[in-house]
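Work through the exercises below with the sequence and the coordinates at hand. Each task is followed by a solution in steps.

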Amino acid sequence: MKVLVITGSPHKNGTTAILAEKFINGATEAGHEVSCFNAAFKNVHPCIACEKCHNTDTGCAFKDDMEELNPKLLEADAIIFISPIYYYAMNAQIKTVIDRFYANDAALHKNKKAALIVTMADDTTESADGAIASFKGMTNFLEWDIAGIITGVACGDVDALNKTDYPEQAYALGKNL
Ligand SMILES: Cc1cc2nc3c(=O)[nH]c(=O)nc-3n(C[C@H](O)[C@H](O)[C@H](O)COP(=O)(O)O)c2cc1C
């Protein structure tokens with residue numbers, strides 16, 4: 001399968017970066033072709049709802065790094081969203097990318113798998129409720145199958161993450177996708 005990993009964190013060596021690496025190791029070992037788009041290090045303008053993408057044949061008003069992502073998005077068999085929780089939601093960097101899916105809504109409505117991996121400092125899952133609801137709504141709308149959700153509680157930093165089995169869970173998710 002072609003697997004696309006989209007990450008949101010600006011921490012190159014943070015908790016979600018570790019989980020992304022573990023997921024990619026598992027998926028690569030399983031023989032999948034993995035590509036990665038690290039939203040925090042890309043130039044992606046927020047959607048301004050101008051409808052140019054739907055009402056003209058010239059596509060999105062913004063010619064930015066979504067042009068690099070869009071072909072990968074369209075051809076991916078599985079899309080994995082990996083984000084830290086910021087204020088009870090996926091972070092703005094990754095949500096900005098998701099909003100820009102709007103330009104390809106129709107083409108994205110097809111058989112794909114999707115998974116969500118989030119980390120957060122709290123030791124209960126409440127902080128992830130919004131991100132999970134948003135992810136489930138998006139996958140339902142786009143008719144994608146959910147391959148897994150990893151809710152990484154008590155992962156405020158790498159030391160805390162290393163006391164959990166989320167790295168193993170991320171590896172297994174990639175391996176068994
Ligand atoms: C702006 C901001 C908002 C945050 N909001 C929450 C939150 O609502 N709930 C929570 O449990 N942790 C919250 N955190 C903690 C992060 O989710 C946590 O530190 C995570 O491990 C960061 O992932 P990273 O190392 O991959 O960047 C927040 C952190 C930041 C910087």
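The exercises concern a predicted model and cover its core, one helix, salt bridges, a surface patch and backbone angles.

**Exercise 1. The nonpolar core**

Task: Find which residues of the largest nonpolar core touch the most other members, and which element gives the largest share of this core.

Solution.
- The core has 49 residues, and Ile6, Phe23, Ile80, Phe81 and Phe101 touch the most other members.
- Two or more residues each come from strand 1 (2-7), helix 1 (15-29), helix 3 (66-75), strand 3, helix 4 (92-99), strand 5 (113-119), helix 6 (129-142) and helix 8 (166-175).
- Strand 3 gives the largest share, 6 residues.
- Take phenylalanine 81 and set aside its neighbours within four places in sequence: its contacts then include Ile6, Ile94, Phe101, Leu116, Phe135 and Trp144.
- As a general background, nonpolar side chains in soluble globular proteins tend to be buried together.

**Exercise 2. The buried side of helix 8**

Task: List the buried residues of helix 8 and state what they pack against.

Solution.
- Apply the cut-off: a residue is buried when its relative accessible area is under 20%.
- In helix 8 this selects Tyr166, Pro167, Ala170, Leu173 and Gly174.
- These residues lie on the same side of helix 8, because they cover an arc of only 120° around the axis.
- The general reason for such a pattern is that an α-helix has 3.6 residues a turn, so residues three or four places apart point the same way.
- The partners of the buried residues of helix 8 are helix 1, strand 5, strand 6 (145-152) and helix 7 (158-161).

**Exercise 3. Salt bridges**

Task: Count the salt bridges, then say where the partners lie in the bridges of lysine 42, aspartate 64 and aspartate 99.

Solution.
- The criterion is a side-chain nitrogen of Lys or Arg within 4 Å of a carboxyl oxygen of Asp or Glu, and the count is 6 salt bridges.
- Lysine 42 meets glutamate 68 at 3.2 Å, N to O. Since lysine 42 is in the loop between strand 2 (33-38) and helix 2 (52-55) and glutamate 68 is in helix 3, the pair ties together parts 26 residues apart in sequence.
- Lysine 42 is partly exposed at 29% relative accessible area, and glutamate 68 is partly exposed at 32%. A network of salt bridges links Lys42, Glu68 and Lys72.
- Aspartate 64 and arginine 100 have their closest N and O atoms 2.8 Å apart. Aspartate 64 is in the loop between helix 2 and helix 3, and arginine 100, 36 residues away, is in the loop between helix 4 and helix 5 (105-108). Both aspartate 64 and arginine 100 are buried.
- Aspartate 99 and lysine 95 form a salt bridge with a closest N to O distance of 2.5 Å. They are 4 residues apart in helix 4, so about one helical turn separates them.

**Exercise 4. A surface patch**

Task: Which residues form the nonpolar patch on the surface that has about 420 Å² of accessible area?

Solution.
- The patch is made of Tyr86, Tyr87 and Tyr88.
- Tyrosine 87 sits in the loop between strand 3 (78-86) and strand 4 (89-90).
- Its relative accessible area is 80%, so tyrosine 87 is exposed.

**Exercise 5. Positive phi**

Task: Where do alanine 49 and glutamate 143 lie?

Solution.
- Alanine 49 has a positive phi of about 55° although it is not a glycine. It is in the loop between strand 2 and helix 2 and is exposed, at 55% relative accessibility.
- Glutamate 143, also not a glycine, has a positive phi of about 60°. It is in the loop between helix 6 and strand 6 and is exposed, at 52%.

Key
Residues numbered from 1 in each chain as written. Predicted model: local features only at pLDDT ≥ 70, side-chain atom pairs only at ≥ 80, totals over all residues. Heavy atoms only, no water. Patch = residues over 30% accessible without salt bridge, like charges linked within 9 Å, V, L, I, M, F, W, Y side chains within 5 Å. Areas by Shrake-Rupley, 256 points an atom, 1.4 Å probe, with all protein chains shown as cover. Buried < 20%, exposed > 50% of the residue type's maximum accessible area, 1.4 Å probe, protein only. Core = buried A, V, L, I, M, F, W, Y, C linked by side-chain atoms within 4.5 Å. Contact = heavy atoms within 4.5 Å. Arc of directions from axis to C-beta.
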